[in-house]
Amino acid sequence: MSSPSPDSTREPLVFTRMGIVGTGAMGRGIAQIAAQAGLSVKLFDQNPKAADEAIGFVAGLWQKKVNKGSLTEADQNRFLAALSPVAELSELADCDVIVEAIVEKMEAKQSLFGQLESLVDEDTVLATNTSSLSVTQIASGCARPEHIIGFHFFNPVPLMKIVEVIPGVKTSVQVVERMMQLGQQLGHFAAQATDTPGFLVNHAGRAFGTEALRILAEGTAECADIDRIMTDQGGFRMGPFTLMDLTGLDVSGAVMDSIYHQYYQEPRYRPAYLVQQRISAGLFGRKTGEGFYRYQDGRQVMPEESSIERTASCPVWISPEDETSHQALKALVEAAGWPTAASEQDPEALCLVTPWGEDVSTCALRQGLPPSRTLGVDMLAGLDKRRSIMTSPATDSYMARAAMTLFSDDGSAVTRLKDSQGFVLQRIIACIVNIGCDIAQQGIARPDTINRAVELGLGYPKGPLALGDHFGPARILEILNNLLESTGDPRYRPSPWLRRRALLGLPLTAEEN
C-alpha cells in the first residue's frame, strides 16, 4: 500500500529554499530528507558531476520505495522536482538556509562561509554539518557570526533520526529557534547542545570504547568476552570492539584523540595505547579484513566460547554484605540443588562475594575470607542473562571450575574474568553514566535531551542518565568511588551532578529548580 501524501495542514516551513554544499554521503542524505519535507533544494559540489550523481543516487532510493509500494509515484516525482544541481556557488544566493557538508578542515569551512556570506541575504542562515570542529571558530572570520550555526547529522541521514543544533557563542537566539524547528520538520529529533568538543553525542560516547580498551589492555578479558557481556548483560546492540571494527579504528581512534586533546587531556577521555599500535599495524577492522576480529567475506569471525569443565557440587557460602545479591544468589544455589555452607570456614565451601568497583582480592581480604576459595559475581544486571564471575590470582582452579559449573547449571552463559576492579559491565556502565552526568553538569544539553540523543545517535538501550537511574545513582557512585580509590586514576572521579543526586536520593534526570 502506498504511503499518503504529506499532510497539507502541517505547520508552515520555517525555511523553503535550502542550499547544500558538498554532495557526498552526508550532503545527499540531507538533500533527500529536505526534499521529502517540502523544501526546494539546490546542490553544489566542486566536482561538476557530483551533484547530478547525488540526485541520481537519491532517485534510486525513492524508486526502490515505489517498487515496494511504500511511496507513490506522484510523491516521488514531487520530491525529484525539488532537487536541482547548480554549477556555481553564486546560484545559491536566493536560498534562505545553506548547509555545508564538505571536508572536515577548519580552513576549508571558513573559506567557504566567507564566500557564501558575500553572496546571500543578511538573513540567510549558514549551517555547518561539522562533527568535530568548533562552530564558534568557523564563524570567527564571518561578518555576521550570529547567522552561523552547527547542524550536525549522522550517517545515514535518513535513518539516523537525530540532528544536533549547535549555536556558536555569537549565534542569535532566533537562528537557534528556526533551526530547531527545521530539524523537527525534517523528521528528526533536534538536540540542542553547546559548542563544546564532540558536541553531545560524540562526547557522550567516549566511555564505551575507551573503558573497554582499558579493560582489554589490563588483560582482564578478551574482546569477545567484553562484547558478549555488553550485549548479553548490558543490552547494547553490539559490543565496543565490534562497533570499533565496523566504524574503522582509524576513524574512531581519530575521534578519541581529538576529543581527548580538545579537553586538554581530561583523564575521562584518555584513549588506550592499543589504538595507535593497531592503527600502525593496519588493523582498522571490517574494511581491512582484520581488526579486533578477523573477517571472512566481510563476515565477522567470532571466537567460540570455551567449554566448561564441570565438577560435582560443593557447599556454597554467600557473603551477606549485600542483602539483595545474597538472596538472589541463594535462590540460584537452591535451584541448582547445591548445598549451602553454614560458615565460610568450611574447608570445602565455595565462597561468593559481590564486589562493587572492587577486585576480588580486596573484597575477600576485607571480609576475612580465604582467597583460594573466594570468587566474585557481578550482580549489577542480576542473574537473568549472561553471568560474569571473577577469580583472583589466589583462587584454586577446582573452585573456579565449580563456580563455572554452578552458574551454568540452568543453561545460562557464563564468562570468567581475571581479577579487576569493577568487572566489565560495572566499569563501562559507570563511566557512561559519569560522562553523561558531566555533560549535564556543564550545561551542554538538558537531561532529557542527553538521554534521547544518545539513544538515537549511539543506539544505547537507554540514555546515560536513564542508565544511571535504572541501576541506581547510589550504586553507580559506589562503583566509581571504589574504582577511584583502588586505582588512583582521576578518570573515575564522580561528576558533581552524580554525587549530589545520589546523596540526595534524586534521579539523575532531576534538574535544579
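Which helix gives the most to the lining of the largest cavity? In this predicted model, in which residues are numbered from 1 along each chain as its sequence is written, local features need pLDDT of at least 70, side-chain atom pairs count only at pLDDT 80 or more, and totals for chains, interfaces and linings use all residues. Side-chain values use heavy atoms, with hydrogens and water left out.

The contribution of helix 16 to that lining is three residues, the most from any helix. Helices (H or I, at least four residues) and strands (E, at least two) are DSSP runs, numbered from the N terminus. The structure holds one cavity of 30 Å³ or more, and about 50 Å³ of space lies in the largest cavity. A cavity is a set of points, on a 1 Å grid over the protein atoms alone, where a 1.4 Å probe fits but cannot get out, and lining residues have an atom within 4 Å of a point. Grid points are joined across faces, edges and corners, and the volume is the space filled by probe spheres set on the points. The lining consists of Ala207, Glu211, Arg268, Cys431, Asn434, Ile435 and Arg491. At least two lining residues come from helix 8 (206-218), and at least two from helix 16.

The chain as a whole contains 20 helices and 15 strands, and its C-alpha trace spans about 85 × 50 × 50 Å along the principal axes. Of its 513 residues, 55% count as buried, where buried means under 20% relative accessible area (1.4 Å probe, protein chains only). Among contacts with a separation of 6 or more, 71% link residues 24 or more positions apart; contact means heavy atoms within 4.5 Å.

Helix 16 (residues 425-441) also gives the most to the largest nonpolar core, with 11 residues. This core has 93 residues, and those with the most contacts inside it are Ile226, Met230, Phe241, Leu406, Phe407 and Ile429. A nonpolar core is a set of buried Ala, Val, Leu, Ile, Met, Phe, Trp, Tyr and Cys residues joined through side-chain atoms within 4.5 Å. Apart from the largest core lies another, of 42 residues, which includes Leu43, Trp62, Phe79 and Leu83.

Leu43 belongs to a region of paired strands, in which it stands opposite Pro85 in strand 3. Strand 2 (residues 40-44) has four of its five residues buried. Strand 2 pairs in the parallel sense with strand 3 (residues 83-85) over three bridges, and five bridges join it to strand 1 (residues 17-21), also in parallel. Two strands pair if DSSP finds at least two bridges between them. Val21 stands opposite Phe44 in strand 2. Strand 1, helix 1 (residues 25-36) and strand 2 form a right-handed β-α-β unit; with the strands pointing away from the viewer, the path from the first strand over the helix to the second runs clockwise.

A further right-handed β-α-β unit is made by strand 7, helix 6 (residues 173-185) and strand 8. Strand 7 (residues 162-167) is largely enclosed by the rest of the structure, because six of its six residues are buried. In a regular strand the side chains alternate between the two faces of the sheet. In strand 7, Ile162, Glu164 and Ile166 on one side and Val163, Val165 and Pro167 on the other are all buried. Strand 6 (residues 148-153) is joined to strand 7 by five bridges and runs antiparallel to it, with Phe153 opposite Val163. Strand 7 pairs in parallel with strand 8 (residues 189-192) over four bridges, and Gln192 is the bridge partner of Val165.

Note on methods. Buried < 20%, exposed > 50% of the residue type's maximum accessible area, 1.4 Å probe, protein only. 1 Å grid on protein atoms, 1.4 Å probe; cavity = no way out; pocket = protein on both sides within 12 Å on 5 of 7 lines; lining within 4 Å.
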